[in-house]
Amino acid sequence: MASSVTKDISYEDLKALLGNSQNLLVVDVRTNEEVDKGQIQGSVHIPVDTVDAAFAMAPEEFKAKFGVTKPPQDAPELVFHCQMGKRGLNATNKAHQLGYVNARNYAGGYKEWSEKEGK
């Protein structure tokens with residue numbers, strides 16, 4: 001069985017990816033109420049309790065629902081985040097179980113992001 005090592009990504013690394021990567025998908029797994037208060041630019045909102053279903057969708061269905069291309073399982077840059085890190089970790093683990101081997105959790109969450117971004 002594969003080890004369940006969750007890869008975390010730092011604020012600095014995520015910020016750099018946001019600036020440079022064409023393939024990065026940032027998934028915000030918080031509630032609607034949290035997202036309404038602000039989100040990481042370019043992120044896609046998929047609440048944590050729907051991550052399994054979302055990433056099990058056919059690519060066409062995923063694109064229609066979320067407006068972005070469903071990443072392949074070996075996508076190098078798939079990042080989940082929540083407000084403080086715990087739900088993001090849960091979502092990252094779910095993604096790993098679904099075969100997304102490079103999924104990572106932005107452990108600082110939106111709380112750290114908004115502090116560093118001065119929002």
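This is a short tour of a predicted model, taking in an annotated domain, three helices and a pocket.

## The annotated span

Let's start with the record. UniProt, in an unreviewed entry, lists residues 20-118 under "domain: Rhodanese". In the model, helix makes up 41% of that span and strand 13%. Its two end C-alpha atoms sit 21 Å from each other.

## Helix H1 and its two sides

Which residues of H1 are buried? They are Tyr-11, Leu-14 and Leu-17. Around the helix axis these three cover an arc of only 130°, so they end up on the same side of H1. Turn to the face pointing away from that buried side and you meet Gly-19 and Asn-20, both exposed.

## Trp-113 meets Tyr-11

Now jump along the chain to helix H6, which runs over residues 109-117 and is home to Trp-113. Is Trp-113 buried or exposed? With a relative accessible area of 4%, Trp-113 counts as buried, because the cut-off for buried is anything under 20%.

Trp-113 also brings us back to H1. Along the chain, Trp-113 and Tyr-11 are 102 residues apart, yet their C-alpha atoms are separated by 6.9 Å. Tyr-11, remember, is one of the buried residues of H1.

## The second largest pocket

H1 has a part in a pocket too. The second largest pocket comes in at a volume of about 160 Å³. Helix H1 (11-20) and strand E2 (25-28) are the elements that each give two or more residues to its lining. Among the lining residues are Leu-17 and Leu-18, the run from Ser-21 through Gln-22, Asn-23, Leu-24 and Leu-25 to Val-26, and, further along, Val-68. Gln-41, Gly-42 and Val-44 belong to the lining as well.

What is the chemical make-up of that lining? It splits into 7 nonpolar and 5 polar residues, with no charged ones. Leu-17 turns up twice in this story: it is buried in H1 and it lines the pocket.

## Helix H5, one face in

Helix H5 takes up residues 86-97, 12 residues in total. From first C-alpha to last, H5 reaches 17 Å, which is close to the 16 Å expected at 1.5 Å a residue.

H5 has a buried set of its own: Gly-88, Ala-91, Thr-92 and Ala-95. Look down the axis and these buried residues fall within an arc of 100°, so they line one face of the helix. Over on the other side of H5, Lys-86 and Gln-97 are exposed.

Conventions: Residues numbered from 1 in each chain as written. Predicted model: local features only at pLDDT ≥ 70, side-chain atom pairs only at ≥ 80, totals over all residues. Heavy atoms only, no water. UniProt positions renumbered as here; feature names shortened; annotations may be inferred. Helix = DSSP H or I, 4+ residues; strand = E, 2+ residues; numbered from the N terminus. 1 Å grid on protein atoms, 1.4 Å probe; cavity = no way out; pocket = protein on both sides within 12 Å on 5 of 7 lines; lining within 4 Å. Points joined across faces, edges and corners; volume = space filled by probe spheres on them. Nonpolar A, V, L, I, M, F, W, Y, C, P; charged D, E, K, R; others polar. Expected span 1.5 Å × (residues − 1). Buried < 20%, exposed > 50% of the residue type's maximum accessible area, 1.4 Å probe, protein only. Arc of directions from axis to C-beta.
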